[in-house]
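Visitor: I am new to protein models and would like a close look at one part. Could you take me through the salt bridges, one pair at a time?

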Amino acid sequence: MKLSNIKRFWISFILSIPMLIQMLAMPFHWMMPGYNWIAFVTTTIIMAISAAPYWSSAWAAFKNHNANMNTLVAVGTSVAYFYSIFAMFTNREVYFESAAFVTVFVLLGDAMEEKMHNNASNALAKLIDLQAKDAEVERNGEFVKVPLDQVKVGDIIRVKPGEKIPVDGVIVDGSTTIDESMVTGESMPVTKKKGDNVVGSTINTNGTFTFKATKVGSDTMLSQIVDLVKKAQTSHAPIQNLTDKISNIFVPAVLIIAIITFVVWYVFLNAPLVTALLFAVSVVVIACPCALGLATPTALMVGTARSAKMGVLIKNGEVLEEVSDINTVVFDKTGTITVGKPQVTDIVGDKDKVLAIAASLEENSEHPLATAIVKKAKEDKIALAKVTSFAAIEGKGVRASYNGKTAFVGSDKLLEDISISQEMKDQAIKLQKEAKTVVYVGLDKKVIGLVAIQDVPKPSSKAAIAELKKRGLKTVMLTGDNQNVAEAIGKEVGIDQVIAGVLPTEKAAEIEKLQNEGNKVAFVGDGINDAPALSTANVGIAMGSGTDIAIESGGIVLVQNDLMGVVRALDIAKKTFNRIKLNLFWALIYNTIGIPIAAGLFVIFGLSLSPELAGLAMAFSSVSVVTSSLLLNKVRIAGLD
């Protein structure tokens, strides 16, 4: 049976207690009866049970002509252990405690790392446990409770006050307030009404409502959050490659230094064999770069876990390094900087006719502007006609046959061979200067009217962009909208540069252009239409709700559709990566300072380290790295502190 590091630590610690007692009693000239045999038996058990994995790992590396961190542990403990056996049978002083305590202290660092892994796994398990166990589903006209695994997409589910929402869905009847803090990090309950999305495992605080299930099982937002966090915590940050390279050079170098230390003391300084051996063992033990191996994974684990709690999902360690170099943040406009729910504000021309044509052509479109037009027509009870020969013109608009005539609805890019009066042009310019998007409506190659639509910035957009600029980041807005409208929105929220009139297929090219100018770019989009740009950018940040959560293009996913999440994402990613670098520094500085002391270079000043004290110092470096990583839970993050 394979024992955990925590169990191995406690076994070795308990078995080493007699040696600890003897060490404490030595100044009082007391000798434990049969101490050598007690130390021999307990240390042998420690070597067989607690230290065996280190020896096994070192031997496997040796067979592959490599050396790793465990090589140093195995060499140090085996030299002390086998010499002590020789010494015991030749009536010399034994050093079993060195082998035992080195194992104890190495395991202390490993046990702490395992404890962190367990805590992270437990946190994820608790997230999974947040799921409701059953759901009240409509079956044959009445609501009955069924186990959660029997809920299907399309089921109508009823949720009463105080109950957990079983799966993701859309409200079809009723209104309520919902506590979504477990997925968004937002402590205030959110008001929900018909048509709004709800997230599985969040808590309904007051009203009763019914909703239609849209995602069940592993497709729910909670399941995807758990999956993303698991992947991030087990991912391999590129900086880890540097750690591996250092270890490959460092371990053989330490073994050479240890041999040189032994030769210098024993041959050139005429020190006793035991003294030379202990200096060599101390070098091997204190140099063990266990902290080096903990530096990256512990920080990655804590950083990604904390970011998930605030609604920021970092997909892998590679993203952390990319974020540290970002100097430009590019935003999509609709649904990212703006609310994404535009409304019709003005209609120029024969209102009913213009709206009827526009809504008839746009009825089947999912574009936010089309949705606004259709919604306005329904509100005004405008009858819609069936259109034929429908054709979508990418980035420009739509064209179709309407009552036997060719009709079109779209942007000014459709006007190349279309007749438009000067009055209409002047009206369009006036509306655009008011930060309204103008849709041109035409019939038989003539513009007959305009529909002005406005999508206001989110409340958080201006503050978030100001925070990014405070951090020295350039902000850019990339949109397919008209230049006048885009500049008006950009000016309102404080954007540095506006790039307008860009087709969806051209967004990735614009990102590449910025990169070719020497910029490291983060692109923030809705995670669906902006997938090429998200993939092209150095870091893609996908915003949105459950429909966007699984987008593969973004390296970072924001659960909340709020631009302050971008600031938080960049902050936690940078601080996690900086913590990794700090951990690596501390891990290496211990070894750099400790090796000369362990080798006896400062013995003339009374400064030296026994193998067990070297083991304690080495363990302390591991503890300090783990503690440093845990302190990521306390760093200040924008909008949360």
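Guide: Here is a walk through some of the salt bridges, after a few words on the model.

This is a predicted model, in which local features need pLDDT of at least 70 and side-chain atom pairs count only at pLDDT 80 or more, while totals for chains, interfaces and linings use all residues. Residues are numbered from 1 along each chain as its sequence is written, and side-chain values use heavy atoms, with hydrogens and water left out.

The chain has 641 residues, and 51% of them count as buried (buried means under 20% relative accessible area, exposed over 50%, partly exposed in between, with a 1.4 Å probe and protein chains only). It holds 22 helices and 22 strands; these are DSSP runs, numbered from the N terminus, with helices (H or I) of at least four residues and strands (E) of at least two.

Now to the charges. Side chains of opposite charge can pair when their charged atoms come close. A salt bridge here is a side-chain nitrogen of Lys or Arg within 4 Å of a carboxyl oxygen of Asp or Glu, and the count comes to 15 salt bridges.

Let us begin with glutamate 136 and lysine 160, whose side chains meet in a salt bridge at 3.9 Å, N to O. Glutamate 136 sits in strand E1 (residues 134-139), while lysine 160 is in the loop between strand E3 (156-159) and strand E4 (168-173), so the pair links distant parts of the chain, 24 residues apart. The two partners have their own settings: glutamate 136 counts as buried, at 10% relative accessibility, and lysine 160 counts as partly exposed, at 35%.

Next, find arginine 471 and aspartate 571, whose closest N and O atoms are 2.9 Å apart. Arginine 471 lies in the loop between helix H17 (461-470) and strand E18 (474-478), and aspartate 571 belongs to helix H21 (residues 564-598), so this salt bridge ties together parts that are 100 residues apart in sequence. Arginine 471 is partly exposed, with a relative accessible area of 31%, whereas aspartate 571 is buried at 9%.

Another pair to find is lysine 376 with aspartate 380, joined by a salt bridge of 3.7 Å, N to O. Here aspartate 380 is partly exposed, at 28% relative accessibility.

Finally, salt bridges can be followed from residue to residue in one more place: Asp346, Lys430, Glu434 and Lys436 are linked in a network of them.
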